[in-house]
Amino acid sequence: LHEVIAMLNSGESNQERTDLLSIFNQSYFRQLCLAHGRIARKEFPASVSKFENEEEEVDVGGEKIIKIRKSREQILGATIRVNDKTRDVFVSRVLHGSLAYEKLHSGDLLLELNGEKLRGKTVNDVAAMLERTGSEVIFKIFRSEFDVNMTSAVYVKTHFNYDPELDSLSPCPEAGLKFQKSDILKIVSQD
């Protein structure tokens, strides 16, 4: 699949290529390919009961169960988005150094939160669910084996100073990045 996607990305753009890339980028198609490969290799899912209390992450048949411990006042440090067509819930961004850092990744498909299915929920629904959680948040996710959103690195040189703490228009200054004129910044997501 990696080779086919690379070939489609390298060729001339036309409607058939665009349609194929659209299909290959659907989470359900990637899950189908992963399931097919695992069945062909006779790798069958482990039981969810193997999720021991101390483990942070368990792979269950291509899906991962991620446990994040937090206090009630702590935030996870991840933003989500909902696909308008499929109503699937995805991780948009993960703040460096946050509780979710290295556990959730941008592009992860969130299937469940503490056993409740997320498909069809709005961003506000998921936020309300997270507010009701206790000291443990358990996500069931699907993580692609390849990054379909992978792009070339983009760097920009700043032409002014910026401090998010002084920006009255910033909705979340804690998530802002302070920089000085002439700093070189790497753009890690263009969502």
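In which sense do E2 and E7 pair, and over how many bridges? In this predicted model, the pairing of E2 and E7 is antiparallel and extends over 7 bridges. One of the bridged positions is Lys 64, whose partner in E7 is Ile 141. Strand E2 is mostly covered, with 5 of its 7 residues buried.

The two strands belong to a protein with 4 helices and 9 strands, arranged along the sequence in the pattern α-α-α-β-β-β-β-β-β-α-β-β-β. Of its 191 residues, 28% are classed as buried. The exposed area amounts to about 13000 Å², with 53% of it supplied by carbon and sulfur atoms. When contacts between residues at least 6 apart in sequence are considered, 52% of them join residues at least 24 apart.

The largest nonpolar core contains 16 residues, and the members that touch the most others are Ile 68, Leu 104, Leu 110, Leu 118 and Phe 139. Two or more residues each are given to this core by strands E2 (63-69), E4 (89-94), E5 (109-113) and E7 (136-142) and by helix H4 (123-131). E7 makes the largest contribution, with 3 residues. Beyond its neighbours within four places in sequence, Leu 110 is in contact with Ile 80, Val 89, Val 91, Leu 104, Leu 118, Phe 139, Lys 140 and Ile 141.

Salt bridges number 7 in total. One of them joins the side chains of Lys 67 and Glu 136, at an N to O distance of 3.8 Å. This pair connects strand E2, which holds Lys 67, to strand E7, which holds Glu 136, across 69 residues of sequence. The two partners fall into separate accessibility classes: Lys 67 is buried because its relative accessible area of 2% is under the 20% limit, while Glu 136, at 31%, is partly exposed.

A further salt bridge is formed by the side chains of Asp 108 and Arg 143, with 2.8 Å from N to O. Asp 108 is located in the loop between E4 and E5, and Arg 143 in the loop between E7 and E8, so the pair ties together parts that lie 35 residues apart in sequence. Both residues are buried.

The side chains of Lys 178 and Asp 163 also meet in a salt bridge, at 3.9 Å from N to O. Both residues are placed in the loop between E8 and strand E9 (184-187), 15 residues apart. Lys 178 has a relative accessibility of 52% and therefore counts as exposed, whereas Asp 163, at 21%, counts as partly exposed.

The loop between H4 and E7 includes Ser 135. This serine is classed as exposed because its relative accessibility of 52% is over the 50% limit. Ser 135 and Ser 71 are separated by 64 residues in sequence, yet their C-alpha atoms are 5.2 Å apart. Apart from residues up to four places away in sequence, Ser 135 touches Ile 68, Arg 69 and Lys 70. Of these, Ile 68 is also listed among the core residues that touch the most other members.

On the surface, Val 154, Val 156 and Ile 187 make a nonpolar patch of about 180 Å². Val 156 is part of strand E8 (residues 154-157) and, at 34% relative accessibility, is partly exposed.

Technical notes:
Residues are numbered from 1 along each chain as its sequence is written. This is a predicted model: local features need pLDDT of at least 70, side-chain atom pairs count only at pLDDT 80 or more; totals for chains, interfaces and linings use all residues. Side-chain values use heavy atoms; hydrogens and water are left out. Buried means under 20% relative accessible area, exposed over 50%, partly exposed in between (1.4 Å probe, protein chains only). Contact means heavy atoms within 4.5 Å. Accessible areas come from the Shrake-Rupley method with a 1.4 Å probe; for residues, only the protein chains shown count as cover. Patches are made of residues with over 30% relative accessible area and no salt bridge: like charges are joined within 9 Å, nonpolar side chains (Val, Leu, Ile, Met, Phe, Trp, Tyr) within 5 Å. A salt bridge is a side-chain nitrogen of Lys or Arg within 4 Å of a carboxyl oxygen of Asp or Glu. A nonpolar core is a set of buried Ala, Val, Leu, Ile, Met, Phe, Trp, Tyr and Cys residues joined through side-chain atoms within 4.5 Å. Two strands pair if DSSP finds at least two bridges between them.
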